[in-house]
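Trainee: Please take one part of this model and go through it closely. I would like the aromatic rings, and then whatever else you think belongs in the account.

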Amino acid sequence: SRDSLIEIKHVSGKAKIIGWDKNKVKVEGELGDKTQTFRFERDGKSVIIEVDVEKHGNGWGWNNNSGTGDDLVIHVPNNSRIDYHSPNADMSIEGIFGGADIDMINGNLNANNLTGKISLKTVNGDIRGTKLAGELTLDAVNGDINSDHIKGDTIKVNTVNGDIKVNSVAKDVRAETVNGDIEFTLGDVREIKTNTVNGSIEMELNLIDGATVRASSVAGGIKLAFQEGVQAKFDLETHAGGNIKNRITGEQASKAKYGQRQWLEFSTGEPTAWVDASTVTGRIEVKLRP
């Protein structure tokens with residue numbers, strides 16, 4: 001079927017998934033030398049591709065340093081939905097228009113020209129995405145995320161140890177990292193929630209009527225750039241050694257009589273949007289987009 005669900009599971013190696021305009025699924029390449037079983041079958045509108053390896057005690061064969069993993073190229077109908085799982089593989093996927101759910105443990109993930117509901121996850125590895133269109137979720141634990149989101153109202157991006165760099169047209173944005181920087185280039189936004197512990201936040205955006213922006217960092221700076229003529233209420237605060245730079249109106253921050261806290265509240269135009277930014281030890285800067 002042209003809109004089949006393609007379920008792919010393999011343990012280690014490499015996999016490349018490519019959408020084409022044929023109502024066929026084609027698997028080619030080489031199986032790893034520890035492969036025990038290879039399953040390739042149709043189940044209703046689903047196609048199942050599963051590679052299993054020899055077990056060693058309570059573990060899997062891929063934990064051994066010896067041996068090579070699979071090297072697979074899989075062609076699927078381009079309107080398929082992909083469900084892919086692997087504990088130890090690098091993978092790439094391109095030309096899929098029915099959505100994708102990619103869940104990996106160890107490995108880098110490259111995605112290009114995907115449409116639909118898209119979820120890309122890896123624990124130890126980087127995520128690179130181009131021409132992603134639809135509801136988008138990107139998750140990495142130890143790895144960087146770099147993505148180009150060309151269509152869709154929502155995006156969620158999370159890392160623990162890694163940087164985030166995204167261009168997106170989404171109106172609703174969620175971004176979080178513990179040890180890493182967050183950099184977004186956005187269009188018209190309705191709601192943003194973003195925070196980092198040890199890292200900086202830098203965003204360019206256009207606020208629509210009623211928009212809200214919440215940005216917080218513990219040990220990093222926050223830079224927000226808005227469109228010319230932005231109409232919003234700004235609530236900015238630093239706590240322990242940080243400072244505030246207002247390049248929109250020139251109003252200056254107030255300083256606590258005792259301690260290092262600074263705060264600044266001001267409005268532009270007839271505000272319907274709201275910007276709330278806070279950091280403990282970093283600097284907050286608000287300005288207009290170039």
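Mentor: F38 counts as partly exposed, because its relative accessibility of 38% falls between the 20% limit for buried and the 50% limit for exposed. The model is a predicted one, and these values are computed from it. F40 also has a relative accessible area of 38%, so F40 is partly exposed. As for ring pairs, the structure holds three of the aromatic kind. One of them is formed by F38 and F40, with ring centres 6.3 Å apart and 50 degrees between the planes, a tilted arrangement.

F234 and F266 form another aromatic pair, this one stacked: the centres are 4.6 Å apart and the planes differ by 5 degrees. Where do these two rings sit in the chain? F234 belongs to strand β22 (residues 232-238) and F266 to strand β25 (residues 262-267), so their pairing ties together parts that are 32 residues apart in sequence. Both F234 and F266 are buried, whereas F38 is partly exposed. The stacked pair is also part of a cluster, in which ring pairs link F226, F234 and F266.

Next, the strands. Strand β21 spans residues 222-226 and pairs with β20 in the parallel sense over four bridges. Within that pairing, M203 has L224 of β21 as its bridge partner. β20 also pairs with strand β19 (residues 182-198), again in parallel, through 12 bridges. There, T194 is matched with A215 in β20. Strand β26 (residues 273-279) is a further parallel partner of β20, joined by six bridges, and S216 has S278 in β26 as its bridge partner.

T212 gives a view of β20 from a single residue, since β20 covers residues 201-217 and includes it. T212 counts as buried because its relative accessibility is 18%, and the limit is under 20%. Apart from neighbours within four places in sequence, T212 contacts R190, E191, I192 and W274.

Lastly, confidence. The chain has a mean pLDDT of 93, and 96% of its residues reach 70 or more. Residues 57-66 are another matter, with pLDDT below 50, although this stretch has 16 contacts in the model beyond near neighbours in sequence. Where pLDDT is low, predicted coordinates should not be read in detail.

Key
Residues numbered from 1 in each chain as written. Predicted model: local features only at pLDDT ≥ 70, side-chain atom pairs only at ≥ 80, totals over all residues. Heavy atoms only, no water. Buried < 20%, exposed > 50% of the residue type's maximum accessible area, 1.4 Å probe, protein only. Contact = heavy atoms within 4.5 Å. Phe/Tyr/Trp six-rings, centres within 6.5 Å; stacked < 30°, edge-to-face > 60°. pLDDT = per-residue confidence, 0-100. Pairing = 2+ DSSP bridges.
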